[in-house]
Amino acid sequence: MNGMLMNLAQLLRLRGGPQDLPASWLLTILLLTAYMVQNLVTGQQLEDQNAPAKSLLSVCLQVGVLTGLLFWRNHLERFAQTMSALAAAGIFFNIVTWILLSLPDPAVNQPILALVWLAVFIWSLFVDAHIYRHSLSVPFAMGMLVTVLILAASYVLIEMMFMMGNT
């Protein structure tokens, strides 16, 4: 477990890659489950009734796109490690986000909080791009493009599905 945490720390510092994590389907399933449960808890704290569906949709989109990209690059054997890395990073960034949401009075330090949110968001983009770069064996810029496109597609898909349900 200690080695796993060290590998995650290296990944978050952009010093390690998903290849440093164990290629374990059990680990992948456990991390994905923890990530989705964490999304549900956070969604409930924000009183979002659609949190379970949004979480599932987002994870399914990421799994589908990752599978397609790894198939296209002929690296399907990297799926378990890549998904584990993405889920572990997602868990970490969800914890940071939850801490920021739990601040006693965020209105007092609104500009500072906004800058911290922006920094965490950019950091998460860089970590995901770093993961995709290693998994797909592409330059960092291509990893960032994949990250931003998946984020945009997820946002648009979720907004479209849940806006239609509210009309």
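## The largest pocket

About 1,300 Å³ of space sits in the largest pocket. Keep in mind that this is a predicted model. The lining takes in 32 residues, and Tyr35, Asn39, Ser58, Asn94 and Leu151 are the ones nearest the pocket's centre. Five helices give two or more residues each to that lining: α2 (25–45), α3 (51–72), α4 (79–101), α5 (110–136) and α6 (140–166).

What is the chemical make-up of the lining? Sorted by type, its residues come out as 16 nonpolar, twelve polar and four charged.

## A nonpolar patch on the surface

Moving on to the outside, there's a nonpolar patch made of Leu115, Leu118, Phe121, Ile122, Phe126 and Leu151. Together these side chains' residues have about 540 Å² of accessible area. Which helix gives the most to the patch? That would be α5, with five residues. Leu151 turns up twice in this story: it belongs to the patch, and Leu151 is also among the residues nearest the centre of the largest pocket.

Phe121 is one of the patch members, and its place is in helix α5. Its relative accessibility is 38%, so Phe121 counts as partly exposed.

## Buried or exposed: two helix residues

Is Met83, in helix α4, buried or exposed? Met83 is buried, because its relative accessible area is just 1% and the cut-off for buried is under 20%. As for where Met83 sits relative to Leu5, the two are 78 residues apart in sequence, while their C-alpha atoms are 16 Å apart in space.

Trp25 tells the opposite story. This residue lies in helix α2, and with a relative accessible area of 53% it counts as exposed, since the cut-off for that is over 50%. Trp25 and Glu47 are 22 residues apart along the chain, and 32 Å separates their C-alpha atoms.

## One salt bridge

How many salt bridges are there? The count comes to one. Side chains of opposite charge can pair when their charged atoms come close. Here the partners are Glu77 and Arg78, with the closest N and O atoms 4.0 Å apart.

The two partners fall into separate accessibility classes. Glu77 is exposed because its relative accessible area is 55%, whereas Arg78, at 23%, is partly exposed.

Key
Residues are numbered from 1 along each chain as its sequence is written. This is a predicted model: local features need pLDDT of at least 70, side-chain atom pairs count only at pLDDT 80 or more; totals for chains, interfaces and linings use all residues. Side-chain values use heavy atoms; hydrogens and water are left out. On a 1 Å grid over the protein atoms alone, a cavity is a set of points where a 1.4 Å probe fits but cannot get out, and a pocket is an open set with protein on both sides within 12 Å along at least five of seven lines; lining residues have an atom within 4 Å of a point. Grid points are joined across faces, edges and corners, and a volume is the space filled by probe spheres set on the points. Helices (H or I, at least four residues) and strands (E, at least two) are DSSP runs, numbered from the N terminus. Ala, Val, Leu, Ile, Met, Phe, Trp, Tyr, Cys and Pro count as nonpolar, Asp, Glu, Lys and Arg as charged, and the others, Gly among them, as polar. Patches are made of residues with over 30% relative accessible area and no salt bridge: like charges are joined within 9 Å, nonpolar side chains (Val, Leu, Ile, Met, Phe, Trp, Tyr) within 5 Å. Accessible areas come from the Shrake-Rupley method with a 1.4 Å probe; for residues, only the protein chains shown count as cover. Buried means under 20% relative accessible area, exposed over 50%, partly exposed in between (1.4 Å probe, protein chains only).
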